[in-house]
Amino acid sequence: MYVRHLSRELAALGHEVTVFSGQPYPALDDGVGLEKIPSLDLYNDVNPFATPPLRTWRDWIDVLEVATMWTAGFPEPLTFSLRANRELRRRLDDFDVVHDNQTLGRGLLGIRSAGFPLVTTIHHPISVDRRIELAEARGLQRLTKRRWYGFVRMQARVARKLDPILVPSQSSADDIAREFGVDPQRMVVTPLGVDTRYFHPRPDTERVPGRIVCTASADSPLKGVAVLLRAIARLAQERHDVNLTVVSKPKPGGPTDRLVDELGLRDRVTFVNGIDDTALGDLIAGAQIAVVPSFYEGFSLPAAEAMACGTPLVASHVGALPEVVGTDGDAGRLVPAGEPELLAKELQALLDDDTERARMGAAAWQRVQERFTWRAVAELTAERYISAIDTVTGPSTHSTGGRSPSTQERARADKA
């Protein structure tokens with residue numbers, strides 16, 4: 001979604017934007033070009049991890065991709081960057097700047113050596129995800145998790161050689177410096193935005209009593225959905241009307257699905273997926289409270305989207321969430337991560353206080369308008385492009401308006 005929103009707003013500013021992507025190809029807005037960089041699509045939803053027929057293998061990058069999958073690794077950050085490097089070297093005169101969205105593959109160094117000004121976004125270091133998932137893993141699963149996250153070492157090495165790096169928060173910058181060893185002087189905070197066409201208050205919509213909403217990957221330990229489910233179970237002992245909607249699709253029979261049954265919440269928890277932004281905005285704006293129970297966030301678009309809908313927010317006091325929500329309690333409440341009893345207590349207090357929910361929702365909407373719109377993010381990002389171009393080609397008279405240079409925005413194949 002980062003690529004879609006940013007590319008749309010860059011195009012609206014008058015830039016010529018082309019997104020390079022492997023499968024699954026992203027949905028983009030009018031005015032943004034898409035260049036398809038096919039892979040073997042080893043992780044498709046229909047038949048993931050299946051070895052494709054040998055006749056479909058095209059070159060040594062495909063061989064590398066399959067071999068890495070066979071040995072339980074995740075090849076896409078490396079193999080996509082190699083394919084993008086090969087394609088861009090054929091088109092040196094077509095683009096003025098390349099923007100990488102956290103691929104951090106070795107191919108980026110080739111793109112830079114070809115003479116392209118290069119800007120990179122790192123949302124947060126994936127080493128944090130690796131550490132949390134390893135802590136949850138048991139037995140042989142720990143070995144396979146370590147191998148799967150083997151690409152993180154490459155990302156750290158590549159990141160240390162890149163400049164500039166855009167980060168969504170100071171918290172992310174601190175984490176990237178610590179985890180990847182990146183020079184803090186090379187990073188610049190450029191926050192994410194909210195599409196307020198879809199995420200905004202609905203004054204004429206009545207909020208559903210007792211409804212709590214959460215947008216998060218249901219089976220990822222990082223996102224803390226299990227903590228929220230346990231908090232809902234505690235609330236259900238006191239309130240008959242409490243119900244939870246999780247915007248995600250848990251694996252049938254997976255840990256989250258089993259926990260719903262263990263806690264007796266099957267009639268109180270609903271999972272929805274595949275809805276568009278209009279339906280998602282309606283859902284969030286119709287809830288009494290939104291929750292982001294994560295153990296870590298480099299920014300958290302779900303938090304900002306809830307705030308944009310004027311929905312009172314309760315979030316974990318981790319990562320960048322205090323920067324997004326604010327620490328004064330005006331636009332949202334912060335609670336310690338991993339504490340279902342404290343989370344349940346905060347939810348209960350807000351459900352019981354109509355006046356406080358209304359006050360928080362208004363403050364949250366105001367905070368989004370002041371800080372987190374995609375138009376402002378695109379304008380700031382375009383300034384980063386100009387600086388990167390000037391560093392390579394020398395100072396110029398570029399502007400960030402409609403007469404500025406064309407821009408190539410590269411998108412990583414990512415289901416998130």
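# Exercises on Sheet, Helices, Cores and Backbone

Strands 7 and 10 (residues 289–292) are joined by two bridges in the parallel sense; strands are DSSP E runs of at least two residues and helices H or I runs of at least four, numbered from the N terminus. Two strands pair if DSSP finds at least two bridges between them. The model is a predicted one, in which local features need pLDDT of at least 70 and side-chain atom pairs pLDDT 80 or more, whereas totals for chains, interfaces and linings use all residues. Residues are numbered from 1 along each chain as its sequence is written, and side-chain values use heavy atoms, with hydrogens and water left out.

**Exercise 1.** Determine the strand order of the open sheet and identify its edge strands.

*Solution.*
- Step 1: The open sheet consists of six strands, paired in parallel, in the order 9-8-7-10-11-12.
- Step 2: Strand 9 and strand 12 (333–335) each pair on one side only and are the edge strands.
- Step 3: The average turn between neighbouring strands is 25 degrees, direction ignored, with axes fitted to C-alpha atoms, for helices over the stretch in contact, and angles running from 0 to 180 degrees between N-to-C directions.
- Step 4: Opposite Ala 290 of strand 10 stands Val 213.

**Exercise 2.** Locate the buried residues of helix 10 (residues 255–262) and state what they pack against.

*Solution.*
- Step 1: Thr 256, Asp 257, Leu 259 and Val 260 are buried; buried means under 20% relative accessible area, exposed over 50%, and partly exposed in between (1.4 Å probe, protein chains only).
- Step 2: These buried residues fall within an arc of 160 degrees down the axis of helix 10, so they line one face of the helix; the arc is that of the directions from the helix axis to the C-beta atoms.
- Step 3: Helix 9 (225–236) and strand 9 (269–272) are the elements against which the buried residues of helix 10 pack.
- Step 4: Gly 264, just after helix 10, has a positive phi of about 70 degrees.

**Exercise 3.** Describe the surroundings of Met 307 and the nonpolar core that contains it.

*Solution.*
- Step 1: The largest nonpolar core has 48 residues, and Leu 6, Met 307 and Leu 313 have the most contacts inside it. Such a core is a set of buried Ala, Val, Leu, Ile, Met, Phe, Trp, Tyr and Cys residues joined through side-chain atoms within 4.5 Å.
- Step 2: Helix 16 (residues 374–393) supplies the largest share of this core, seven residues.
- Step 3: Leaving aside neighbours within four places in sequence, the contacts (heavy atoms within 4.5 Å) of Met 307 include Leu 313, Val 324, Trp 365 and Val 368.
- Step 4: A second, separate core of 38 residues includes Leu 42, Met 69, Phe 95 and Ala 156.

**Exercise 4.** Find the cis peptide bonds that precede Pro 24 and Pro 164, and place each proline.

*Solution.*
- Step 1: From Gln 23 to Pro 24 the peptide bond is cis, with omega near -5 degrees; Pro 24 lies in the loop between strand 1 (17–21) and strand 2 (32–36).
- Step 2: From Asp 163 to Pro 164 the bond is also cis, with omega near 5 degrees; Pro 164 lies in the loop between helix 7 (151–159) and strand 5 (165–167).

**Exercise 5.** Classify Asp 41 and Gln 102 as buried, partly exposed or exposed.

*Solution.*
- Step 1: Asp 41, a residue other than glycine, has a positive phi near 55 degrees and counts as partly exposed at 24% relative accessibility.
- Step 2: Gln 102, not a glycine either, has a positive phi of about 60 degrees and is buried, with a relative accessible area of 6%.
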